[in-house]
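Reader: Hi! Could you pick one part of this protein and take me through it closely, with each term explained as it comes up?

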Amino acid sequence: MRIILADNYEEMSRKAADIVRSQIVLKPDCVLGLATGDTPMGMYQELIKMYENKEVDFSEVTIFNLDEYYSLSRENPQSYYYYMHHNFFKHINVKKENTYIPNGTATEIDEECRNYEEQIKNKGGIDMQVLGIGANGHIGFNEPDVNFEAETHLVKLDEMTIEANSRFFSSKDKVPTSAISMGIKTIMQSRMLVLLANGESKADAIYKTIKGKICPEVPASIIQLHPNATMVIEKNAAKLL
Ligand code: GLP
């Protein structure tokens, strides 16, 4: 595991964007896995700037997102579909047909999950998966006590996650209680992982992920077994290391 420290959020975002850009330069038709949340927002802004300066071209890139809230429609501003289109896709030249996000309103959930896995495989697998991390150590929406063998599936959200994500909703009872998420197996099959962490609230999760025992209580700890993982960590998130 490679650890890259950053002095602040801006530096973390720039370094992460540089890593993603290098992947696209090396393989213009690469498959990226992307994440939502506050953490990668600065990285998306940096990538948009690079695109505007003609330093990166997304025309052949395929993107798969990690997860989506169950029951939120694409039009809902809290959906991850909305987040990705609003904050990233509409500002770059990725082709709409090359962007994939689980459908949170699918009626046949198992089929939706199976199809998502199939689509990833049909594209040749994910070259680089960008991850954030929950304060409880979750990646995607793979909550503590995770099944490391799961592929894309419906997950029940942890109380801590509902609490943390309630900041995006008008009240806590509006936060969906489940989501469709790539599983740990899906994530671990990516050829490279890039995990970003910012702020003191992530320090404990980062410590356990890097220095702790590999265990289902800390889903991100499995990354210790990945052959090509890079963590880009802002200094407050790294303070217990
Ligand atoms: C969310 C997402 C994760 C994200 C995490 C941290 O629940 N499902 O993919 O990494 O929480 O979010 P943030 O970056 O806003 O702290």
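Author: Let's begin with a yardstick: a residue is buried if its relative accessible area is under 20%, exposed if it is over 50%, and partly exposed in between (1.4 Å probe, protein chains only). Lys 172, at 37% relative accessibility, therefore counts as partly exposed. Please keep in mind that this is a predicted model, where local features need pLDDT of at least 70, side-chain atom pairs count only at pLDDT 80 or more, and totals for chains, interfaces and linings use all residues. Residues are numbered from 1 along each chain as its sequence is written, and side-chain values use heavy atoms, with hydrogens and water left out.

Lys 172 is a good part to look at closely, and we can then follow the chain outward from there. Lys 172 and Glu 159 join their side chains in a salt bridge, with N and O 2.8 Å apart. Lys 172 sits in the loop between helix 5 and strand 8, while Glu 159 belongs to helix 5, so this pair links parts that are 13 residues apart in sequence. Two terms need explaining here. A salt bridge is a side-chain nitrogen of Lys or Arg within 4 Å of a carboxyl oxygen of Asp or Glu. Helices (H or I, at least four residues) and strands (E, at least two) are DSSP runs, numbered from the N terminus. The general idea is simple: side chains of opposite charge can pair when their charged atoms come close.

Lys 172 has another partner too. Glu 163 forms a salt bridge with Lys 172, and here the closest N and O atoms are 3.1 Å apart. Since Glu 163 has 44% relative accessibility, it counts as partly exposed. Elsewhere, Glu 117, Lys 121, Glu 151 and Lys 185 are joined into one network by salt bridges that share partners.

How many salt bridges does the structure hold? There are 12 in total. One of them pairs the side chains of Asp 38 and Arg 167, at 2.8 Å from N to O. Arg 167 lies in the loop between helix 5 (159-165) and strand 8 (178-181), and Asp 38 in the loop between strand 2 (31-34) and helix 2 (41-52), so the pair ties together parts that are 129 residues apart in sequence. Asp 38 is partly exposed, because its relative accessible area is 37%.

That salt bridge brings us to strand 2, which is listed just before the loop of Asp 38. Strand 2 is covered on both faces: Val 31 and Gly 33 are buried on one side, and Leu 32 and Leu 34 are buried on the other. Its neighbour is strand 3, with which strand 2 pairs in the parallel sense over 4 bridges; two strands pair if DSSP finds at least two bridges between them. In strand 3, Thr 62 is the bridge partner of Val 31. Thr 62 is buried, because its relative accessible area is 5%. Leaving aside neighbours within four places in sequence, Thr 62 is in contact (heavy atoms within 4.5 Å) with Cys 30, Val 31, Leu 32, Asn 98, Tyr 100 and Lys 123.

Strand 2 and helix 5 also meet us again at helix 3: both are among the elements that cover its buried residues. Also included in that cover are helix 2, strand 3 (62-65), strand 4 (67-69) and strand 5 (99-100). Helix 3 (residues 80-87) is mostly covered, with 6 of its 8 residues buried. The buried ones are Tyr 80, Tyr 81, Tyr 83, Met 84, His 85 and Asn 87.

Helix 5 also gives a link to His 138. Not counting residues up to four places away in sequence, His 138 touches Gly 132, Ile 133, Glu 143, Thr 161 and Pro 219. His 138 is found in the loop between strand 6 (128-131) and strand 7 (153-156). With a relative accessible area of 12%, His 138 is buried.

Strand 6, finally, leads to strand 9: the two pair in the parallel sense over 4 bridges. Leu 131 has Leu 195 as its bridge partner in strand 9. Leu 195 in turn has Met 231 as its bridge partner in strand 10, and strand 9 pairs with strand 10 (residues 229-234) in the parallel sense over 5 bridges. In strand 9 (residues 192-197), 6 of the 6 residues are buried, so the strand is largely enclosed by the rest of the structure. Met 192, Val 194 and Leu 196 point one way, while Leu 193, Leu 195 and Ala 197 point the other way.
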